[in-house]
Protein chains: 2
Amino acid sequence: MPRRSFAEFACSLARSLDVIGDTWTPLILRDVFLGVDKFNDIARDLGVSRALLADRLEHLVREGVLGETVYHQRPRRVRYTLTDGGRELVPILVALTQWGDRWRSGGEAPLEFTHECGASLDAEVACGDCGRPLVAESIAARPGPGGRMAPGTVVIAERLTREGT
Amino acid sequence: MPRRSFAEFACSLARSLDVIGDTWTPLILRDVFLGVDKFNDIARDLGVSRALLADRLEHLVREGVLGETVYHQRPRRVRYTLTDGGRELVPILVALTQWGDRWRSGGEAPLEFTHECGASLDAEVACGDCGRPLVAESIAARPGPGGRMAPGTVVIAERLTREGT
DNA sequence: CCTAGCAAGTTCAGATAATGAACGCAGCCC
DNA sequence: GGGCTGCGTTCATTATCTGAACTTGCTAGG
């Protein structure tokens, strides 16, 4: 649970960060994706405090990123699963992992991924339209339909609006 | 600064999160990318506490994600810029923003991006080899050259090794 | 029946980090 | 000189994280 809610921010990045914007949450999601989906297993895998894990799992379920599969009633025992929304986060987490491979692990990947096409996976963010890999220089921003002046984008909104006129 | 350093984790995701794994850092990087690159501007834009911002900026510079361009000596005044490593994070942040557009903002993007190809940008994570968009189901994991048994991947390492044999 | 063990939390005291407001400080503008 | 700008720093308060122990409901073994 982030220290502050970004719900009122007119910014989808902030809203995403409300869900996965902390140190442990992405690791929890990765674990669930890799099949480490039970409370004790995740706690042991990550070495995270149980209180925090319980808190985060509840948050992720409430936010619709994780779902629960009951495998034992009374006492209720649950496997955590990725929802559709959660599954859409996986490629982003893989891309972030590979950024870490390149810039933090000296190119030596602790974990390698393979794609169903058979290749050792190199995840890249591409333009859905022209298909070319995205680089920062090729991207521009402008206010969208959901945009408005609100905390989190005060200065940005000013500038983009000014530039647009 | 996360509550705990993940440096000893044999996991590039954890190492990435050591750099950008908190609530404010990705927003700071987005601001710098969008040209909001001075201390006061970022502080005002995000409404973040100045102590935290100073801390994070220093951290990001130390980690090589941001650089400084001195625009005034004595007193030293600086614009923050993205390094090569930092620029490679931008597409990932855009992808995360658009995940938020889809799942948190009801499809109404507060901020829209355009690609140099002319299209309204739809950032997707694709396989660098076959070019198809990545979905969670098409990805498998196996231990890589940098892998070892260490905190953060205890259970995962066990399982992947067992499966591999 | 008794004891041990397991899985998934919960509780709690102490440590750490975040917040918001005020302060410092160097130079610039008039 | 006096006020302003820009970038921090300091500080008290509040919120969050940690690690260890505890709880609860059930199952397995003897």
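**Exercise 1.** In this predicted model, find the residue of β5(B) that Thr114(A) stands opposite, and describe how the two strands run.

*Solution.* Start from the residue: Thr114(A) stands opposite Ala140(B), which lies in β5(B). Then go to the strands. Strand β3 of chain A covers residues 111-115. Five bridges connect this strand to β5(B), and the two run antiparallel.

**Exercise 2.** State how many residues each chain brings to the contact and how much area chain B and chain A bury between them.

*Solution.* First count residues: chain A supplies 100 residues and chain B supplies 100 residues. Next take the area. The size of an interface is often expressed as the accessible area lost when the parts come together. Between chain B and chain A, about 9,000 Å² is buried. Of this area, 62% is on carbon and sulfur atoms.

**Exercise 3.** Count the salt bridges across the interface, check one pair against the cut-off, and identify the element of chain B that gives the most residues.

*Solution.* The rule finds 14 salt bridges across the interface of chain B and chain A. One pair is Glu112(B) with Arg142(A), whose closest N and O atoms are 2.8 Å apart. The cut-off is within 4 Å, so the pair qualifies as a salt bridge. Polar contacts come next: 47 residue pairs, both residues at pLDDT 80 or more, are counted between the chains. Elements giving two or more residues to the side of chain B that touches chain A include α1 (12-20), α5 (84-103) and β5 (139-143) of chain B. α5(B) gives the most, with 18 residues. By class, the residues on this side of chain B are 53 nonpolar, 20 polar and 27 charged.

Note on methods:
Residues numbered from 1 in each chain as written. Chains lettered and ligands numbered in written order. Predicted model: local features only at pLDDT ≥ 70, side-chain atom pairs only at ≥ 80, totals over all residues. Heavy atoms only, no water. Contact = heavy atoms within 4.5 Å. Buried area = accessible area lost by both parts, 1.4 Å probe. Salt bridge = Lys/Arg side-chain N within 4 Å of Asp/Glu carboxyl O. Polar contact = N/O pair within 3.5 Å; in protein donor to acceptor, adjacent residues only side chain to side chain. Helix = DSSP H or I, 4+ residues; strand = E, 2+ residues; numbered from the N terminus. Nonpolar A, V, L, I, M, F, W, Y, C, P; charged D, E, K, R; others polar. Pairing = 2+ DSSP bridges.
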